[in-house]
Structures are given as C-alpha cells and as structure tokens.
Amino acid sequence: MKWLSLVLLILISLSACTPTPQATLVPVIETATTTPSPIPSLTLTPTSSPTLLVPANTPTITPTFSPIRSTPPTIMLHRSNNDFDSVQFLKDMIAIIKQNDLKVITYQDIYKDPAITAVEKGHLFIITIDDIYLRYPIHPSILEMIQLLREAGYPAVLGIITESEYAYPETATLLKELSDSGWEIASHTNTHANLGQMEKRKPRYVFIEVSASMDKIEKVTGIRPITLILPEGQMVDDAKFIKRAKIVWAVGINEGITYNSQRDFIYVGRQGPSVNAEQTFKILRMRFGF
C-alpha cells in the first residue's frame, strides 16, 4: 500500500509541475486607414481648327476698278506778287493737307502706278508750281515754296519754261536734285506760248514748241517729261501734235475732274488759289468731290 501511495504522490507532483497550456494568440491585423490617392486632373488641350489647304493652282482674285477715275484735287501756284503771297498760302495749305491726312503725289507717280487713283481715291493731292525759267535764277518766293514742301516731305510738279539753249547752273542743279528725289519736272513749253492760239495759226508749231522744251529738260535732268503744263491753261482742239511729242498728261485749268485711265493721252484740270487756303480747299472739295 505504501508503494501505491508513493506512486500517487509522484503523479500528483508531476501534474502540479506541468505548465498550463496558454491560448493561442491570433494576431489582430489592424486595417490602416489610408487616404485614397487623388485622381490626377486631366489637362485638356483644345483641338485646333483644321488648316484648310488651298490648292497651289488656285487663282488670285485681283480687284477690278473702273477705268474712269477721279482726278486728284490739284492746286495751281505761281510766284508771289504784290497782290498774292504764295508762300503764306502754301504754308496754310500744307497745314490743311496734313490735317486731312492726304498723300501728295505727282502725275509721274500715277503713270508708274495707275491703280493708285482707284485704291487711294479721296486721299490724294497734287501741287503744281508754274513759270520756272530754266535760263534764269529761280524766283526767291518759289525757292521758299520748294523749301516748305521739302520740309513737309511733299513732292510737287514744276512747270519749266526753257526758252534758249542756256540753262542757269544753279537752276539746273536744283531741278536735277529735285527730279532725283521724286519731284516731277514738267514742260511748260519752250516760250510759254498759248498753244490754242498757236494751233489756229500754224498747228505743226505746237509739236516744235513742246518737243523743244522736252529736249532741254531731259538734257538737264536726265528724264524726259511726260507732263505738259498748258500755258494759260489753254488746250488745243486737236491734240495730235502734243501726242506726237509723247506727252501723257496735259494739265489745264477747266474741266478735267475725271479721266480715262486706259488712254495713252490724258487731259486733267486744276484749281487756282482763292482768297485763302481754307476757302480754296472748300472749292477743291466741291469741284473734285473728295
């Protein structure tokens, strides 16, 4: 019985020493609270309009203009005298031209670019100065007028009377200089003869009168004139002798407010000064309709 009690005692001791099994720990996985990634913004690039390809052989549309054109308003000036101060008049007229943003041109400019009187209709102006003698010094008042125009950047059409074969050196030099800078040197005939009256007496003398002056001007300037300033503004009845001299523009006084640009010989009119530049400009507006 002792040995049985001893065995029980041992078993009890061993039972007391055996560790109590622990519960299996299951790890708790915490779900992290994450901020969702932002949705990337989309940059939209606008689609450009498709480029229309024009075939290489597409014809260019050129505007067409009526051959009947308005003559640019044109003023006729001479040297100053006791009754009229041309220099002051021109000063005032230049101011008016600037105020109205007009472009001063010559007949030679129209000859080189015939479309200008259609494209720039109503924005053109012509200044002519008559009675400049090739054989004498230029009158002081005309020299002042030339200087005023040069300062303004405006060209003019100068009517030259040639007379003899002699050309005054300073006059010839200035005319050449002006011609080279875009001014127009026009024939005012050889002796300032009234061509209308000459035609009635000896018509062929009209050709001699005009062509002789053109020869002398060409000798001085190197350019043959294409414009004839008619003495006393008088036109001939039959222009065949003027045409024979290869004149393109005949500039008178009366009428000539329109012209046919397709013709190779053109008559145009112009206006003399009134009491002052302002009144003259109003008359030019009414006459030439610009």
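These exercises deal with empty space in a predicted model.

The model is predicted, so local features need pLDDT of at least 70 and side-chain atom pairs count only at pLDDT 80 or more, while totals for chains, interfaces and linings use all residues. Residues are numbered from 1 along each chain as its sequence is written, and side-chain values use heavy atoms, without hydrogens and water.

**Exercise 1. Describe the chain as a whole.**

Step 1. Count the elements: the chain has 10 helices and 10 strands (DSSP runs numbered from the N terminus, helices being H or I with at least four residues and strands E with at least two).

Step 2. Take the burial: of the 290 residues, 41% are buried (under 20% relative accessible area, 1.4 Å probe, protein chains only).

Step 3. Take the surface: about 18,000 Å² is exposed, with 56% of it supplied by carbon and sulfur atoms (Shrake-Rupley method, 1.4 Å probe).

**Exercise 2. Find the cavities and characterise the lining of the largest one.**

Step 1. Fix the terms. On a 1 Å grid over the protein atoms alone, a cavity is a set of points where a 1.4 Å probe fits but cannot get out; lining residues have an atom within 4 Å of a point. A volume is the space filled by probe spheres set on the points, which are joined across faces, edges and corners.

Step 2. Search the whole structure: 1 cavity of 30 Å³ or more is found. The volume of the largest cavity is about 60 Å³.

Step 3. Read the lining, which includes Gln108, Trp183, Glu184 and Arg224. Both β6 (184-187) and α8 (204-221) supply at least two residues each.

Step 4. Sort this lining by class: 6 nonpolar, 3 polar and 2 charged (Ala, Val, Leu, Ile, Met, Phe, Trp, Tyr, Cys and Pro are nonpolar, Asp, Glu, Lys and Arg charged, the others, Gly among them, polar).

**Exercise 3. Set out the two pockets by volume and lining.**

Step 1. Fix the term: a pocket is an open set with protein on both sides within 12 Å along at least five of seven lines.

Step 2. The largest pocket holds about 220 Å³. Among its 14 lining residues, Lys243, Arg263, Phe265, Ile266 and Tyr267 lie nearest its centre. β9 (258-260) and β10 (266-268) each supply at least two lining residues, and β9 gives the most, with 3. The classes are 7 nonpolar, 2 polar and 5 charged.

Step 3. The second largest pocket holds about 160 Å³. Its lining includes Ile110, Tyr111, Trp249, Arg263 and Ile266, and divides into 7 nonpolar, 1 polar and 2 charged residues.

Step 4. Compare the linings: Arg263 and Ile266 occur in both.

Key: Buried means under 20% relative accessible area, exposed over 50%, partly exposed in between (1.4 Å probe, protein chains only).
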